[in-house]
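I opened the coordinates today and kept notes as I went. Entries follow in the order I looked things up.

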Amino acid sequence: MNDRPATQESTPMVKAEAVHKRFGHLKVLKGVSLEVQRGEVVCLLGVSGSGKSTFLRCINHLEKIDAGRLWVDGNMVGYKQAGDRIYELRDHEVCARRAEIGMVFQRFNLFGHMTALGNVIEAPIHVRKIPREQALDTAHELLKRVGLAERMHSYPSQLSGGQQQRVAIARALAMQPKLMLFDEPTSALDPELVGEVLEVMQSLAQEGMTMVVVTHEMGFAREAADRVVMMDNGKIIEEGTPAAFFNHPREERTQQFLSKIL
Amino acid sequence: MTPEASSKPIKAIPVRHTGRWIAGTLVLLLSLAVLYSITTNPRFEWSIVGQYFFSMRVVHGLVLTLELTVISMAIGIVLGVVLAVMRLSPNPLVAGAAWFYIWFFRGTPILVQIIFWFNFTALYPVIGYGSWTLNANALITPFVAAILALGLNEAAYMTEIVRAGILSVDEGMTEAASALGMSRLLTMRRIVLPQAMRVIIPPTGNETISMLKTTSLVSVIAVTELLYSVQLIYSVNYRTIPLLLVACIWYLMVTTLLSIGQYYIERHFGRGASRSLPATPLQKVRRFLVRFSPGGVPSHE
C-alpha cells in the first residue's frame, strides 16, 4: 500500500465539491458534490436543463467551473495547487489532462474528412506520438471489438448513426483513457440502433472501465450502473443503487421523472 | 412477383413542350446570326489573329501573366490563412491587426495599390537598417511591385474566404478534438482546415480566375504581361481589334483550364461529405453514350 503514490487506489477517480457553473445570468450548476470510485459506473439522470451534461463537460474542462472544487484522479481540473496558491493550467497542460479522459458525444462528432480508421488513429499519432504501425494495430483491434472491422475504410457519412457512435467509442478508447464520459450517447439514434451502442458500453463497464454516463436509457442504467444519480435544477437530489433508485425512489421529483420516462 | 400485366414498363406519349421548341429555335437562329457576322465581317481580321496567336511576344506575355497569377495567389492564400487564424484569435490585438489589414487592403482600389508599390522607392529609397541595407530600386522592380500589389491585396479577400470556411465547420469537431487532447493549432491544422476546404475551394477558384484577369491591370506599370504585350504590338501596327482578340482567346482558354482544375480539386476535398462522389464529366459522357448505344443497358437512376 505504502509504495504507491497517493493518487492511486486511495483517491476517487472523480471528486466534485459544491461545483457551481453559470452561463451569463443562468445558474446551471448550483453546488454539485459527487464522488466516482475507480471502476465504478455512474449514470446521471434528470430532465433536460437539469445540468447533467454541463457537469459532465466540466469534468474534462470543456466548461470552466465558477466555484467549488473538482478533481480527476487527484488532480484539480483546469488548475494546479502549489502550497495555498492555485494556478490556472497552461493550454498544453489542459490538453495533456484531457487526453487521459475519453468522451463520447450525443452527435458523435466524428471527423468527417477521415475514414473510421483515420478517426481512431488521429489522436494516438498526433497527441500521444505513437508510431503509426502501432496505432494502426490498436485501431484494428478496437474497431473489431466494436464490430466494425469491415467498415474501417468507410467515411462517417457512409455509416449509420449506431456505427458512427461505435467508431466514436473506439476513437476515445484508442487513447487508453482512465475515465470515460458519455454525453447522451444514444439520444440521436434511431430506436433500433440504440442496442448496438449500449452493448459496447455494457461490455466496457464489465471490464472495469470507470464511466460517467448521462443517459435517458433506463434499461442501461438499471443493468450496467453501480450507482444512479438524479439531478434536478442544477443539484443532485437523489442517488443510490439502481435497485433502490428505481424501485423505491424517495424524492417526489424523482418519482415524477420516473413515472414519465418508464 | 407481381402479375405480368402490372409489371410491364409504361409506354406513354410524351408531353409536347411547344414553348421550349420556340425558345430553342430563337436561340439557335440568333447564335447563327452572330456566328455569321463574326466570320464574314472582314474587320475582325482573323488572319492577323492567327498570325500573332503563337508569336514570341504574345507567348512571353502569356507566361508572365501565368507567373503573376500563380505567385500572387500563392502569397494571397498563405497570407490569407495566417490572417484568418489571426482574426479568430482570442488575443484582441492580434485579431485587431488582421482586421486592420483587411480594412486597408480591401478599402483601396487595386489599381491605386499597383501604382503605389511601383512608386514605393520614392517613399523608402533605401531598405534595411544600419549596415544591412539594400537599394530599393534594385529590389522593387516593376515585376516585384506587381506581385506585392496583387498578392497583398488578394490576401485580404482570401482571409475572409478562409474565415468563412473555418466558421462553417461544426463546433462539435473542435470539441471532439479538444476532448482527445489536441491543441488549438493541431486542431486547426488537422481537423478544421481540411474540412473548411470544401467551403474555401469554390470561391478560391473564382479568385484565381479573377486574378488571371486582374493581372492585366499591371500593364499600367509596364510589366509585359499578356495585355501589355499585345498593346505594344498594336501601338506599332494599329491592328488593335485582332490583337485584343488574341489576348481574349488566351484568357478564355486559361480560365477554361482553371475551371476544369477547380472541378477536380473540389471533388477531392468533397470526399466524406456525401455518400458517393459525383461522376466526373468524362464518366457522365461515357454513361450517356452507353445508354443510347444499341443494346446499351440503361443505368439505374
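I began just past helix 1 of chain A. His61(A) follows that helix, and its phi is positive, near 65°. I note that this is a predicted model.

Next, I checked helix 1 itself. Is it enclosed or open to the outside? Seven of its eight residues are buried, so the rest of the structure largely encloses this helix. I count a residue as buried when its relative accessible area is under 20%. The buried set is Lys52(A), Thr54(A), Phe55(A), Leu56(A), Arg57(A), Cys58(A) and Ile59(A).

I then asked what helix 1 of chain A lies across. It crosses strand 1 (14-23), strand 2 and strand 4 of chain A. Its angle to strand 2 of chain A is about 60°.

That led me to the sheet. I found an open sheet of four strands in chain A, ordered 2-1-4-5, with antiparallel pairing. Strand 2 (26-36) and strand 5 (75-76) of chain A are the edges, each paired on one side only. Strand 4 (residues 67-72) and strand 5 of chain A are joined antiparallel over two bridges. I looked up one bridge: Val72(A) partners Asn75(A) in strand 5 of chain A.

Last, I looked at the largest pocket. I read its volume as about 950 Å³. It is lined by 31 residues, and those closest to its centre are Leu62(A), Arg98(A), Thr174(B), Ser178(B) and Arg184(B). Helix 2 (91-98) of chain A and helix 8 (142-168), helix 9 (171-179) and helix 10 (184-214) of chain B each supply at least two lining residues. By class, I logged 13 nonpolar, seven polar and eleven charged residues in the lining.

Key. Residues are numbered from 1 along each chain as its sequence is written. Chains are lettered from A and ligands numbered from 1 in the order in which they are written. This is a predicted model: local features need pLDDT of at least 70, side-chain atom pairs count only at pLDDT 80 or more; totals for chains, interfaces and linings use all residues. Side-chain values use heavy atoms; hydrogens and water are left out. Two strands pair if DSSP finds at least two bridges between them. Contact means heavy atoms within 4.5 Å. Axes are lines fitted to C-alpha atoms, for helices over the stretch in contact, and angles run from 0 to 180 degrees between N-to-C directions. Buried means under 20% relative accessible area, exposed over 50%, partly exposed in between (1.4 Å probe, protein chains only). On a 1 Å grid over the protein atoms alone, a cavity is a set of points where a 1.4 Å probe fits but cannot get out, and a pocket is an open set with protein on both sides within 12 Å along at least five of seven lines; lining residues have an atom within 4 Å of a point. Grid points are joined across faces, edges and corners, and a volume is the space filled by probe spheres set on the points. Ala, Val, Leu, Ile, Met, Phe, Trp, Tyr, Cys and Pro count as nonpolar, Asp, Glu, Lys and Arg as charged, and the others, Gly among them, as polar.
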